[in-house]
Amino acid sequence: GALWACGEAGTALLRVGGVWEDLGAGLPEDEDVMDIGFTGGDVVAVTAAGGVHRWDGASWTLAYPYPGLILTGVATDADGELVIIGYDGTILGQ
């Protein structure tokens, strides 16, 4: 199986078959990636600077900007819809 990891300065890594690959292309290098999650076959990353980014298989693109929000997590609800969480009780449905 595949395993995603994320971290400081636009870090996004994918491990397949025991080998880690740097897949941070397209993520802002000045933003910390707080979480990577999945919805409907899409891979989504959120940053501490309010960015919601989608992976297209080659690079990340900013799908939804939320300036001023510190986003910390990605989840899907019981209906499979994307939910973004953050500081101060932030809950965003996509």
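In this predicted model, residues 24 or more positions apart account for 26% of the protein's contacts with a separation of 6 or more. The architecture behind these contacts is built from strands: the protein has zero helices and 10 strands. Read from the N terminus, the elements follow the order β-β-β-β-β-β-β-β-β-β. The radius of gyration is 13 Å, close to the 12 Å that the globule rule gives for 94 residues, so the protein is as compact as a globular protein of that length. Along the principal axes, the C-alpha atoms fill a box of roughly 35 × 30 × 20 Å.

Turning to the surface, the accessible area of the protein comes to about 5,200 Å². Carbon and sulfur atoms contribute 52% of that area. Of the 94 residues, 35% are buried.

A good place to begin a tour of the sheets is the N-terminal part of the chain. Here S1, S2 and S3 form an open sheet of three strands, in the order S1-S2-S3 and with antiparallel pairing. Strand S1 (2–7) and strand S3 (19–22) lie at the edges of this sheet; each has a single partner strand, so one side of each is left without a neighbour in the sheet. From one strand to the next, the twist averages 25°. Within the sheet, S1 and strand S2 (residues 11–16) run antiparallel and are joined by six bridges. The register of this pair can be followed at Leu3, which stands opposite Arg15 in S2.

The C-terminal strands offer another open sheet of three strands, ordered S8-S9-S10 and paired in antiparallel fashion. Its edge strands are S8 and S10, each of which pairs on one side only. Neighbouring strands of the S8-S9-S10 sheet are turned against each other by 25° on average, with direction ignored.

Strand S9 (residues 82–86) deserves a closer look, as four of its five residues are buried, leaving the strand mostly covered. On one side, S9 is joined by five bridges to strand S8 (residues 71–76), and the two run antiparallel. Leu71 stands opposite Gly86 in S9. Between S8 and S9 lie five residues, and the two strands form a hairpin. Gly80, in the turn of this hairpin, has a positive phi of about 85°.

The pairing of S9 with strand S10 (residues 91–93) is also antiparallel, with three bridges between the two strands. In this pair, Val83 stands opposite Gly93 in S10. S9 and S10 likewise make a hairpin, here with four residues between them. Asp88 in the turn has a positive phi of about 55°.

The turn between S8 and S9 also meets a residue from elsewhere in the chain. Thr39 belongs to strand S4 (residues 33–39), and its side chain reaches the backbone oxygen of Gly80 at 3.1 Å. Is Thr39 buried or exposed? With a relative accessible area of 9%, Thr39 is buried, the cut-off for this class being under 20%. Which residues surround it, leaving aside neighbours within four places in sequence? Thr39 is in contact with Val44, Arg54, Thr76, Gly80, Glu81 and Leu82. Among these contacts of Thr39, Thr76 falls in S8, which spans residues 71–76, while Leu82 falls in S9, which spans residues 82–86.

A second threonine, Thr61, is found in strand S7 (residues 60–65). Thr61 counts as partly exposed, at 42% relative accessibility. Not counting residues up to four places away in sequence, Thr61 touches Val52, His53 and Arg54. Arg54 thus appears in the contacts of Thr61 and also in those of Thr39. Thr61 and Leu27 are 34 residues apart in sequence, yet their C-alpha atoms are 7.4 Å apart in space.

How values were computed: Residues numbered from 1 in each chain as written. Predicted model: local features only at pLDDT ≥ 70, side-chain atom pairs only at ≥ 80, totals over all residues. Heavy atoms only, no water. Rg over C-alpha atoms; globule rule 2.2 N^0.38 Å. Buried < 20%, exposed > 50% of the residue type's maximum accessible area, 1.4 Å probe, protein only. Contact = heavy atoms within 4.5 Å. Areas by Shrake-Rupley, 256 points an atom, 1.4 Å probe, with all protein chains shown as cover. Pairing = 2+ DSSP bridges. Polar contact = N/O pair within 3.5 Å; in protein donor to acceptor, adjacent residues only side chain to side chain. Axes fitted to C-alpha atoms, helices over the stretch in contact; angles between N-to-C directions.
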